[in-house]
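Good morning, colleagues. Please turn to the sequence and the model on the screen, and I shall take you through the fold and a few individual residues.

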Amino acid sequence: MEARHINDTPYVPNAGNPRRGFIQTRLQNFGLTMIVMGASFILYYLGLFGGVEGPMTPAYIGERLAAAGFTNRHLLILLLSCMLIAIVWNWLYNGICFLSGRRLTCACRLKEDGRLCAVAVRRDRDCGHVCSAGHRRPKVRFHPVKKGTVAHFVWMMFMVFSGIVIYLS
């Protein structure tokens, strides 16, 4: 009954991603570029960038938001809330994973070569944690999710936009 939570494979971040070749990487990047370009054309012809009259023209969007009672203060609260979420999302995720016992691996040193066992563990009522290799340890390694470049860019972007709204208000 408790053995269903054990994962026999070691925790390796890139285990499912074999290295891609040069051609495959270039084709994938080209495909993503075409998707972004197509989305940009659609948004342009809907009027989002202000060059064409359409339902997403910035002046039209502003009029509709003002009619609904949306003010600069609402925009500032929205931007600051998004910035806060972008800053703390991985702290919340890591806390939930740690408390639920996910992303934990065995910290037992193997006698043969001194490496860590690194097998996924489950919580045990008696001694703490047990891995599928049979090691019983009170301490394990937790593998947190770390923010990358994009996550840091997103919260900084919301911070800059909030500063612009404060300056213009």
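Of the 169 residues in the protein chain, 17% are buried. I should say at once that this is a predicted model. The accessible surface of the protein chain amounts to about 13100 Å², and carbon and sulfur atoms account for 65% of that area. As for contacts in the protein chain between residues at least 6 apart in sequence, 50% link residues that are at least 24 apart.

Let me turn to the secondary structure. The protein chain contains four helices and five strands. Along the sequence, their pattern reads α-α-α-β-β-β-β-β-α.

I begin with helix H1, which covers residues 22-45. H1 comprises 24 residues, and the distance from its first C-alpha to its last is 35 Å. That is close to the 34 Å expected at 1.5 Å a residue. After H1 comes Gly-47, with a positive phi near 95°.

Which residues make the nonpolar surface patch of about 750 Å²? They are Phe-30, Met-34, Met-37, Phe-41, Tyr-44, Tyr-45 and Phe-49. One of them, Phe-41, is located in H1. Is Phe-41 buried, partly exposed or exposed? Phe-41 counts as partly exposed because its relative accessibility is 47%, and the partly exposed class lies between 20% and 50%. In general, an α-helix has 3.6 residues a turn, so residues three or four places apart point the same way.

Next, helix H3, which spans residues 72-100 and includes Leu-75. With a relative accessibility of 29%, Leu-75 is classed as partly exposed. Setting aside residues up to four places away in sequence, Leu-75 touches Phe-70 and Val-165. Leu-75 can also be compared with Ile-166: the two are 91 residues apart in sequence, yet their C-alpha atoms are 9.9 Å apart in space.

Beyond H3, the loop leading to strand S1 (104-106) holds Arg-103. Most residues other than glycine have a negative phi. What, then, is the phi of Arg-103? The value is near 65°, which is positive, in a residue other than glycine. Arg-103 has 24% relative accessibility and therefore counts as partly exposed.

I come now to the sheet. Three strands form an open sheet in the order S2-S3-S4, with antiparallel pairing. S2 and S4 are the edge strands, each pairing on one side only. As a general reminder, strands of a sheet pair through backbone hydrogen bonds.

How many bridges pair strand S2 with strand S3? There are four, between S2 at residues 121-124 and S3 at residues 128-131, and the sense is antiparallel. In this pairing, Asp-124 faces Gly-128 of S3.

On the other side of the pairing scheme, S3 is joined by two bridges to strand S4, residues 136-137, again in the antiparallel sense. Here Val-130 stands opposite Arg-136 of S4. S3 and S4 form a hairpin, and four residues lie between them. Within that turn, Gly-134 has a positive phi of about 100°.

To close, I would draw attention to three points. The patch of about 750 Å² includes Phe-41; Leu-75 touches Val-165; and the open sheet runs in the order S2-S3-S4. Thank you for your attention.

Definitions and conventions
Residues numbered from 1 in each chain as written. Predicted model: local features only at pLDDT ≥ 70, side-chain atom pairs only at ≥ 80, totals over all residues. Heavy atoms only, no water. Pairing = 2+ DSSP bridges. Expected span 1.5 Å × (residues − 1). Patch = residues over 30% accessible without salt bridge, like charges linked within 9 Å, V, L, I, M, F, W, Y side chains within 5 Å. Areas by Shrake-Rupley, 256 points an atom, 1.4 Å probe, with all protein chains shown as cover. Salt bridge = Lys/Arg side-chain N within 4 Å of Asp/Glu carboxyl O. Buried < 20%, exposed > 50% of the residue type's maximum accessible area, 1.4 Å probe, protein only. Contact = heavy atoms within 4.5 Å.
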